[in-house]
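The following exercises concern one protein chain. Please work through each task before reading its solution.

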Amino acid sequence: MIIRLVIMLGLFVFLNVYVGWHGELALEHAGADIPPALYWVLYAVIALGYLWGRLAKSLGAIGRLWKVIGAVYLAIFEFTVLLLPFADLAGWIMVQSGMSRDNTIQVLSIVVVGILLILMLRGSYNAWTPIVRTHQLSVDKAAPSGNHRTLRVAAASDLHLGNTVGNRHLRKLVKQMNAMNPDVILLAGDVLDDVIEPFLRNQMADTLKQLRAKHGIYAVLGNHEYYGGHIEQYVQVMQEIGIKVLRDETVTVDGLFHVAGRKDKTAEAREGRLSMKELVSKLDPSLPLLAMDHQPYGFAQSAEAGVDLLVCGHTHRGQMFPNHFITRRLFELDWGYMRKGLMHVIVSSGFGTWGPPIRLASRSELIDIKLQFNGR
């Protein structure tokens, strides 16, 4: 682990030097007279902003702003690392073809900055403009009541409420979810970005408590609630606004259906967690069973345990291109819908963002699920 960490840190430093050198070159040929020492100090402050912003809690608003700037830089950094090799190759061809080095650098700098601007604008739109994805699914179980042939489930994961994602974006979730007129709402983990402080300071609970569902609102923990370290306080606040956080717990809702919520996989290395089979073993199997597990693992085990609908999140579908190619290989399903035996699985790309408020090849989304009961 230490060796991998050192390698990753070394690669991060190398790539930042690579990007920073190109930035210095572009500014120099644009006529900006910035002393090299000052440039590299400012560059380091921005490049390490997300890390130091998380650590420098004593700086208050300055630290939070530093963290947000650093988060935006992470998106610029990733896109730039992808673009610069092509720009370098194009520059070599242009110089070999007779164009002056100065003109080549100026032209390519404008092109790279222009592409970056387009990517960032599109990525910002994808992050801040959520869409609703609808799934119409059937369950081969008898309707628990003659008046409940269908069950409408509104679901969301990975809100990441904090310094970047706040009340403005959260109000969109409340408005769109309430418009679904859901029977039940499921929040599949990472409601918090990490620490609970901005959630409390900005009174986001007052916004979240405006959610309405006929048969209640349920949530599970994600890895980021564990990272933040304020789980008990978070669970208490959610309880006060009428949202039940299920930690290896089940609820039978009005005798109509079950909701099961697992602790996040992070708990396996801490206090431990129940398997899905253990969690639901005492439930009436004739009733529909809805389950949440933040990280999309163990689909076969959940299907064998009798789960009818499993809702997950965590992956963000990579959040930014080309990360979705990685998440696609890491998970059996990193986004979308799958049928596993008799079980329906939905993995959401999430409503908020981690780090930069940018999504590319991914989209901020809410899930509208209409369950039809076909059994007799």
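**Exercise 1.** Locate L360 among the elements and determine whether L360 is buried or exposed.

Solution. L360 sits in the loop that joins strand 11 (343–347) to strand 12 (365–375); helices (H or I, at least four residues) and strands (E, at least two) are DSSP runs, numbered from the N terminus. The model is predicted: local features need pLDDT of at least 70, side-chain atom pairs count only at pLDDT 80 or more, and totals for chains, interfaces and linings use all residues. Residues are numbered from 1 along each chain as its sequence is written, and side-chain values use heavy atoms, with hydrogens and water left out. L360 has a relative accessibility of 13% and therefore counts as buried (buried means under 20% relative accessible area, exposed over 50%, partly exposed in between, with a 1.4 Å probe and protein chains only). Next, consider its partners: leaving aside neighbours within four places in sequence, L360 is in contact with F79, L119, R122, G123, N126, Q319, M320 and F321 (contact means heavy atoms within 4.5 Å). Finally, L360 and E232 are 128 residues apart in sequence and 34 Å apart in space, C-alpha to C-alpha.

**Exercise 2.** Describe how helix 1 and helix 4 pack, and place N16 in that arrangement.

Solution. Helix 1 (residues 2–29) packs against helix 4 (residues 61–96) at an angle of about 70°, and their axes are 10 Å apart. Axes are lines fitted to C-alpha atoms, for helices over the stretch in contact, and angles run from 0 to 180 degrees between N-to-C directions. The two helices are therefore roughly perpendicular to each other (65 to 115 degrees; under 35 is roughly parallel, over 145 roughly antiparallel, and the rest oblique). On the helix 1 side, F12, L15, N16, Y18, V19 and H22 meet Y73, F77, T80, V81, L84, P85 and D88 of helix 4. N16 belongs to helix 1 and, at 6% relative accessibility, counts as buried. Not counting residues up to four places away in sequence, N16 touches Y43, A47, Y73 and F77.

**Exercise 3.** Identify the residues with the most contacts inside the largest nonpolar core, and the element that gives the largest share of this core.

Solution. This core has 35 residues, and L173, M177, L187 and L208 have the most contacts inside it. A nonpolar core is a set of buried Ala, Val, Leu, Ile, Met, Phe, Trp, Tyr and Cys residues joined through side-chain atoms within 4.5 Å. Its largest share, five residues, comes from helix 10. A second, separate core of 25 residues includes V139, V220, L290 and F373.
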